[in-house]
Amino acid sequence: MVSELPWDSRTGTLKRDLAQGMMDPASRRALEAALQIKETQPAYICAITMGPAMAREILHQAMALGADEGVLLSDRRMAGADTFLTSHILARFIQKECQGEYLVMCGTQTSDSETAQVGPQLSEELNIPAITYAGHVEIKDRVVEVHRHVDEFFEILNMDLPGLVTIDLSAYKPRYLALEGVEKAFENPDIRHIDARQLGLDADFNALKDSPTRIMDVYSPTAQKENRVLKGAVKKVVDQLFDDYGKVISSAMGKDLKTHEHDEA
Amino acid sequence: MKRNKDIWVFGDYRNYFQNRVTLQILARAVDLSTQTGGTVCAVVLGHRVDTYVAEYIAHGAQKVYVIDDPTLRSYSIERYSWLMSWLVTRYQPETLLVGATRFGQEIAPRVAKKLKTGLTADCIDLEINTKGLLVQTAPSFGGNLIAKIITPVKRPQMATVRPGTFPELPHDDAANGQVMVLPLPGDLPEDRIRLVTSEHRPSKKQKIEDADIVICGGRGMGSKGKFKKLFDLAALMNAEVGATRPVVYSEWVSHDALVGQAGKNIKPKILLSFGISGAIQHTAALSDAHFIVAVNKNPNATMMKMADVAIVADANQVCLGIIKAIKEKARD
């Protein structure tokens, strides 16, 4: 169990500044997909994140891996946003910056809350088509082609640009970032910081207050069971397991097991 | 139309009979409606969907809204989310529940956004509080905590529900339900996504959700190579192999094996847990495991505390030890 919960009971939000400044594994896969597209055709990659000041580190990392630009959306008034408002804020920036044929690439779900909601909601905000859980993405003649395997269906889907894809967690294994790349990345000061005012959010915008969901309570559940502990040499504990629970195990297996050595013959 | 107390369930029938999450949510909705009043309704979009309409009524739906049209034959995220939003706006239910299949996890956020309401992902419990609000329980915060979430003002209250969370009601052929068949609205926008091919590729093997013995492995197995030994053990025991999130992220095993949040709930007679510390995102999926044997070097790991039998040892070594023991004991 964690000793200090990254949870502010007063405001009901995650203290993200306690979380480590590392790019989420899902986002790394989305960046990898973008880098692979850029290897086959001209492209400009803008890495965007929303979070506290330290999220800047993730953008340095993205640029070291090959992104052309890093943009940090950060403001006290954005803190505590749920997926509904996170997608709204991201869309504000994308609408300001991107015209014409752009492709938004997202991880399917982050490792902290795993909602998988921001990608689909961002496409709604931007009013562009979206294909989720992409296993493979190609752009041919301004048409995006996606292969995916979802709910036991293998599908090939097409859409025109602009569009949005979320990259499946099993696709696009991220490339390794060499140490010299990391060092170089942090020499690069060129991260743009955008606040709520620059995004044109209303003067009374407050993500925490405006989110449609509210966290009432969080808790750390503990299980209660009679808890038998076996210790010692592997052979000994395995024998003990089968001596005492052999019948339970063989009945679940649907196979007979000899219970004791001396039962033989 | 005035807001009512109805609870709606999205009819996710693709992969039925295997995918039973819609039936599970209907059962819970029937429970909840005894406290809130209102009608339990299913929504079915598609073409030639009479079978599913009948199934949902037999499993608790008191009313089914149906839009049946050849253009809805295959699941379409754009058309289905537009139609769900259109129906909710027209009939104003208090609550909309969706199974957390991958399609469900995609359509629910889009419908919530169109309706400007909140959504809780991958719930493992749903209750009604004293104010009549839907309390949505979901694991959160990096796997350490469970959160109880409400939608105080916006409507409908929306949640996706993890498959396997609630038991379904028994099939009742005598159940009556009202069927409302609606025509396809004329202003349904063109689909911007073009389906080139779609091929049903069902997994042939036994499903981990239904397996009597599940063998779960965590990072404590040591390496991808050592993790593979769990499959040898599973073959001997007629078991299925599950995994924790770090293992799936490390690509020791495919995402299908993920047990816990964003993955599967299991209900085995025996769960063998190897080298798993027990983050709540994983353990929340284990509440229906009857008998748990956990192996970990650390006797204080959460997984060890919740086990019936906790073996303090190297997970990989014990796995090999059990393989050897079963080979000897099963020999005739």
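A crossing of two helices is left-handed if the near helix is turned anticlockwise from the far one by less than a right angle, and right-handed if clockwise. Helices (H or I, at least four residues) and strands (E, at least two) are DSSP runs, numbered from the N terminus.

This is a predicted model, in which local features need pLDDT of at least 70, side-chain atom pairs count only at pLDDT 80 or more, and totals for chains, interfaces and linings use all residues. Residues are numbered from 1 along each chain as its sequence is written, while chains are lettered from A and ligands numbered from 1 in the order in which they are written.

**Exercise 1.** Describe how helix 6 of chain B packs on helix 10 of chain B.

*Solution.*
- Step 1. Helix 6 (residues 229-237) and helix 10 (residues 315-330) of chain B cross at roughly 30°, and their axes come within 10 Å. Axes are lines fitted to C-alpha atoms, for helices over the stretch in contact, and angles run from 0 to 180 degrees between N-to-C directions.
- Step 2. Helix 6 of chain B is therefore roughly parallel to helix 10 of chain B. Angles under 35 degrees count as roughly parallel, over 145 as roughly antiparallel, 65 to 115 as roughly perpendicular and the rest as oblique.
- Step 3. The crossing of these two chain B helices, 6 and 10, is left-handed.
- Step 4. Helix 6 of chain B contributes residues including Leu230(B), Leu233(B) and Leu236(B) to the contact. Those from helix 10 of chain B include Cys319(B), Ile322(B) and Ile326(B). Residues are in contact if their C-beta atoms, placed from the backbone, lie within 7 Å.
- Step 5. By class, the contact of helix 6 with helix 10 of chain B has nine nonpolar, one polar and three charged residues. Ala, Val, Leu, Ile, Met, Phe, Trp, Tyr, Cys and Pro count as nonpolar, Asp, Glu, Lys and Arg as charged, and the others, Gly among them, as polar.

**Exercise 2.** Do the same for helix 4 of chain A and helix 4 of chain B.

*Solution.*
- Step 1. Helix 4 of chain A (residues 118-126) and helix 4 of chain B (residues 102-115) pack at about 40°, with axes 8 Å apart.
- Step 2. The two helices 4, of chain A and chain B, are therefore oblique to each other.
- Step 3. Their crossing is right-handed.
- Step 4. Among the residues that meet are Glu124(A) and Glu125(A) in helix 4 of chain A, and Arg110(B) and Lys113(B) in helix 4 of chain B.
- Step 5. This contact divides into two nonpolar, one polar and six charged residues.

**Exercise 3.** Which strand of chain B is joined to strand 12 of chain A?

*Solution.*
- Step 1. Strand 16 (residues 309-312) of chain B is joined to strand 12 of chain A by four bridges.
- Step 2. These two strands run parallel.
- Step 3. Lys231(A) has Val312(B) as its bridge partner.

Technical notes: Contact = placed C-beta atoms within 7 Å. Pairing = 2+ DSSP bridges.
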